[in-house]
Each structure stands twice: as structure tokens, then as C-alpha cells.
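Hi,

Here is the structure I promised to pass on. Have it open while you read, and my notes on what turned up follow right below.

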Amino acid sequence: MLATLNDVLPQAKREGYGVGLFNTVDLEMAKGVLAAAENLRSPVIIGTAEVLLPAAALQELADILIPLAKRSSVPVVVHFDHGLTPSLVEEAIRLGFSSVMYDCSMQPYQENLRAVRDMTAYAHARGVSVEAELGHVGNADSQPQQMLYTDPAQAAEFQAQTQVDALAVAVGTLHGAYRVAPQLQFSLIRELAQCVKAPLVLHGGSGLSSTDFQRAIRAGIAKINIFTDINRAQARAAAEEYCSGMGMTDLMPVMQQAVQAAAEEKMRIFGSAGKA
């Protein structure tokens, strides 16, 4: 069933588990993630991000993901992640995505607040949930001094004024594959969870340990973003299975199964299995 963040994250926040966002750029990824959710009876969030659009356009993914979500027997949020361009965020809403992230975290605080407040009003009027980011989650090439952690008092004000449904916070993770182990600020997560009414989101989840995930969830994280892990699992399965004479139809089931296994592993770690 097609759902919004408001259908799945408040329960996760109350009951102390996490719901995974698994970005998906093709049919095998989508089928693998949804098979995992169905098998484990887990709510799930699928979608794409603006940076991934060269792999598949919004219209193409809408045609794939939204019908699959509607046919699913578990709650499935179809989410446009890290939308940086307002016209693309609005396009995702028009195409039927049930949730969007409008990421203005690189702008000055007041500009971030104003832009997100306006987009949230636009999305809410159309029944779409909204995520924003405060602080800045860098990438694997970021230096520690470039990290901009989320300020709890500012986060509480931001959420109250914008009315966003979920808030991504900068607490020590990075996007992409880690070169060194991340240093999560668990005390900061706890403080943010106490100050901010909306569920908190952890970006840059791929590569964290099971212990890190579970400690972050216990501290107050309700949504975790995953892409690198399932992307690599799919590619690795294709490479390991391929031999001369094979075609894509030989590899597609193996690729889907690899994504399903990787997604199921995360859902068990997050504690979302059996929550749908």
C-alpha cells in the first residue's frame, strides 16, 4: 500500500525501531527491496535521489515504483531523496511520489527555513510528506573540520516553523563508502530527539556497523538511508554469477535476490521486521 512518512515513522519513533529508505534505480533493485519488506512484514521506504537521476529519470521511476507500492501488502513510502532543485521536487509530487526531501542544508539557516517552509506548505496541500536537513551530512571525502553538526535548539525551532514531517540531522555520518570508521555522536542524537517533535533521519547509513545502527535507533533515529550497500550487492552478484554465454535474463533473478538479502539484513538490524 502506498504510504507517507507520517504513516510509518511516528510508530517507529514511539516503539524504538528504524525504517529503512532504500534508494532504487532499476526494477531489480525495487523488486528486491519490496520482496524483503513483504517477506519480513516490514514497512519500507523506496525511491531515488536527485544525484541518481542520470541512472533513471523521475518519470521512469514513478512508472515503476508507484504501482509496485500500491500493490504491496505492507506500507511503502515512495520518496524523492535529497531534492536540491525546487522544480524537480515539485515534479516528483506531481508524478505521485508520496514523500519528498527538500534539501537546502547548504544554504544559510534563514534561507533554508524559508525555502523548506514554503515547499512543505506546497507538499502538504497535496497530501505529500516532507523531509528536510539541518546541519550538513558530507561525503566520504569530507574532512572532520568540514562537518557541520545539527544544533538541537535550532533544530527544534526549524521543525516548529517549517512543520516538516522528518528531519535529517548531521551527527557524524557521511554519504558513500567510508574510508575510515565514522564517529557517531550518540549524545547529540539523544538531545535532538528530546528537542525535535518530528522523527529524526540518519543519512549516510551504508557501511555502519550493526551496533552503530542499533545505538543510533535507541538514541532516537527513526529513518535510515541506504544505497551503497544494496547497489554493491547487486553489482557483486552479477559479476560473480556471470559466465560466457549468459544474458541479462540469467542474471536478473540473482541480482534481485542479492538486493533482497542485503535489504532483509538491514531490516532485521533496524528492528522493523514484523512491524507492518
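Let's start with strands β5 (residues 99-102) and β6, which pair in the parallel sense over three bridges. Keep in mind throughout that this is a predicted model. Two of the pairings are easy to find on screen: S99 stands opposite S129 in β6, and M101 has E131 of β6 as its bridge partner. To get from β5 to β6 the chain goes through helix α5 (residues 109-124), and this β-α-β crossover is right-handed.

β6 has a neighbour on β7 as well. Strand β7 (residues 166-169) runs parallel to β6, with four bridges joining the two. If you want a landmark there, look for A132, which stands opposite L167 in β7.

How enclosed is β6? Six of the six residues of this strand (residues 129-134) are buried, so β6 is largely enclosed by the rest of the structure. S129, E131 and E133 point one way from the strand, while V130, A132 and L134 point the other way, and both sets are buried.

Back to β5 for a moment, because it also pairs with β4. S99 and M101 point one way from β5, V100 and Y102 point the other way, and all are buried. Strand β4 (residues 76-83) pairs with β5 in the parallel sense, again over three bridges, and F80 stands opposite V100 in β5. The connection from β4 to β5 runs through helix α4 (residues 86-95), and this β-α-β crossover is right-handed.Now for the charged pairs. How many salt bridges does a search of the whole structure find? The count is six, and three of them are worth a look here:

- K223 forms a salt bridge with E131, the closest N and O atoms being 2.8 Å apart. This pair links distant parts of the chain, with K223 in strand β9 and E131 in strand β6, 92 residues apart. Both K223 and E131 are buried.
- D118 and R114 meet through their side chains in a salt bridge at 3.9 Å, N to O. Both lie in helix α5, four residues apart, about one turn of the helix. In an α-helix there are 3.6 residues a turn, so residues three or four places apart point the same way. D118 is partly exposed, with a relative accessible area of 43%, and R114 is partly exposed at 42%.
- E38 and R41 also meet in a salt bridge between their side chains, at 3.4 Å, N to O. E38 is partly exposed, with a relative accessible area of 29%, and R41 is partly exposed at 33%.

On cysteines, the count of disulfides comes to zero. C104 has 2% relative accessibility, so it counts as buried. C243, at 40% relative accessibility, counts as partly exposed.

Next, helix α9 (residues 228-241). Does its length fit or clash with what its 14 residues should give? At 1.5 Å a residue, the helix should span 20 Å, and its end C-alpha atoms are 20 Å apart, which agrees. T228, I230, A233, Q234, A237 and A238 are the buried residues to pick out in α9. What do the buried residues of α9 pack against? They pack against β2 (19-23), α2 (27-40), β9 (221-226) and α10 (248-270).

One last spot to click on is A198, in the loop between α7 (186-195) and β8 (200-202). Is A198 buried or exposed? With a relative accessible area of 5%, A198 is buried. Leaving aside residues up to four places away in sequence, A198 touches K13, Q159, V164, D165 and A166. For a sense of distance, A198 and G247 are 49 residues apart in sequence and 47 Å apart in space, C-alpha to C-alpha.

If you only have a minute, go to E131: this residue is the bridge partner of M101, and E131 also forms the salt bridge with K223.

Cheers

Terms used: Residues numbered from 1 in each chain as written. Predicted model: local features only at pLDDT ≥ 70, side-chain atom pairs only at ≥ 80, totals over all residues. Heavy atoms only, no water. Expected span 1.5 Å × (residues − 1). Buried < 20%, exposed > 50% of the residue type's maximum accessible area, 1.4 Å probe, protein only. Contact = heavy atoms within 4.5 Å. Pairing = 2+ DSSP bridges. Right-handed = clockwise from strand over helix to strand, strands pointing away. Disulfide = S-S within 2.5 Å. Salt bridge = Lys/Arg side-chain N within 4 Å of Asp/Glu carboxyl O.
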